[in-house]
Amino acid sequence: MTILDRINDHKLLEIARRKEQTPVERLIDSYGYRLERHSLVESIRTSKDYGIISEFKRKSPSQDNINIDADPALVSKGYQDAGAAGISCLTDVHFFGARSNDIDVVRRSVKLPVIRKDFILDSYQLHEARAMGADAVLLIAASLTAGHLDDLAAEANELGLEVLCEVHNEEEVAKISPEVNIVGINNRNLKDFSVSIENSLRLGKMLPPGLPKISESGIEDPQTIVKLRYEGFDGFLIGTYFMRQENPGQACADFIAKVREIEGLYDNAIA
Ligand SMILES: O=P(O)(O)OC[C@@H](O)[C@@H](O)c1c[nH]c2ccccc12
């Protein structure tokens with residue numbers, strides 16, 4: 001049994017419990033449900049700071065404590081000031097240590113598009129995401145059949161949520177539905193945690209044309225951004241590298257400045 005299987009099994013129990021506690025009608029009635037949405041696709045496309053999506057993550061199954069007591073308001077504002085194109089916020093409590101109001105705090109703290117980062121297996125979680133004020137959701141192809149992925153993506157779009165579909169191998173690329181808005185190639189194998197940037201390079205060439213593509217996980221070198229941009233990547237999802245530093249927002253700003261510096265050197269060399 002892989003860690004992804006364990007998380008999904010746990011998630012199904014959690015969903016059943018949550019449905020009993022909070023019927024979907026209550027979610028539909030909530031304040032967050034009525035908020036206006038921000039487009040992550042637009043924000044990535046127009047970003048002048050390399051389409052970086054910065055993540056708020058306290059811990060993960062692969063690294064127990066990243067920044068367990070971080071302040072979501074401070075961190076997300078820091079990311080916004082640094083020039084991030086969006087914020088990804090973990091909402092899984094059991095495996096990622098999210099606190100139940102983290103995403104609400106992030107939503108209230110920034111104007112940027114916010115992704116609800118969780119293990120979505122049921123349309124109830126899409127209603128929850130909307131009630132949380134999220135603008136986009138993550139759908140993990142490894143956890144869903146092609147048909148289920150297509151149904152959830154269509155329903156997310158009907159609810160005004162954009163879909164970031166995460167793939168890790170060829171088989172998962174084949175599941176990408178026309179309802180998906182952004183494709184993310186995960187460099188981390190969720191089954192054994194190994195990380196390889198080469199995965200983005202290899203799978204990047206196989207994606208449907210026209211969809212924005214982002215590279216996710218294990219990124220900590222500005223040089224990687226320069227290289228992947230050259231290969232046509234529009235955005236990058238970075239969590240641990242920023243979160244484990246004293247001031248994640250500053251770390252994000254420094255990182256963006258470094259990318260700019262390296263791209264400048266290349267441009268000058270070519271001119
Ligand atoms: O912290 P990293 O290595 O920079 O990775 C961020 C993000 O890609 C990672 O948190 C992630 C990618 N896919 C996921 C699915 C569920 C939970 C988390 C993730």
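Here is a short conversation about the ligand site and one loop residue in this predicted model.

Student: Which pocket does the ligand sit in, and how much of its accessible area does the protein cover?

Tutor: Happy to start there! The ligand sits in the second largest pocket. One of its oxygen atoms is 2.8 Å from a backbone N or O atom of G218. On its own the ligand has 440 Å² of accessible area, and the share of this that the protein covers is 98%.

Student: Which residue has a polar side-chain atom 2.7 Å from an oxygen atom of the ligand?

Tutor: Let's look at the side chains. K117 has a side-chain N or O atom 3.4 Å from an oxygen atom of the ligand. The cut-off for a polar contact is 3.5 Å. For the 2.7 Å distance, the residue is S217.

Student: How many charged residues does the shell around the ligand have?

Tutor: Good one to check. There are 17 residues around the ligand, and E55, E166, R188, S217 and T240 come nearest. Strand 4 (136–140) and strand 8 (235–238) each supply at least two residues of this shell. By class, the shell has 6 nonpolar residues and 5 polar ones, while the number of charged residues is 6.

Student: Why does S39 count as partly exposed?

Tutor: First, its surroundings: S39 is in the loop between helix 2 (24–28) and helix 3 (40–46). Its C-alpha atom is 7.3 Å from that of E162, although the two residues are 123 apart along the chain. Buried means under 20% relative accessible area and exposed means over 50%. S39 is partly exposed because its relative accessible area is 28%.

Terms used:
Residues numbered from 1 in each chain as written. Predicted model: local features only at pLDDT ≥ 70, side-chain atom pairs only at ≥ 80, totals over all residues. Heavy atoms only, no water. Near = heavy atom within 4 Å. Polar contact = N/O pair within 3.5 Å; in protein donor to acceptor, adjacent residues only side chain to side chain. Areas by Shrake-Rupley, 256 points an atom, 1.4 Å probe, with all protein chains shown as cover. 1 Å grid on protein atoms, 1.4 Å probe; cavity = no way out; pocket = protein on both sides within 12 Å on 5 of 7 lines; lining within 4 Å. Sits in = over half its atoms within 2 Å of the grid points. Helix = DSSP H or I, 4+ residues; strand = E, 2+ residues; numbered from the N terminus. Nonpolar A, V, L, I, M, F, W, Y, C, P; charged D, E, K, R; others polar. Buried < 20%, exposed > 50% of the residue type's maximum accessible area, 1.4 Å probe, protein only.
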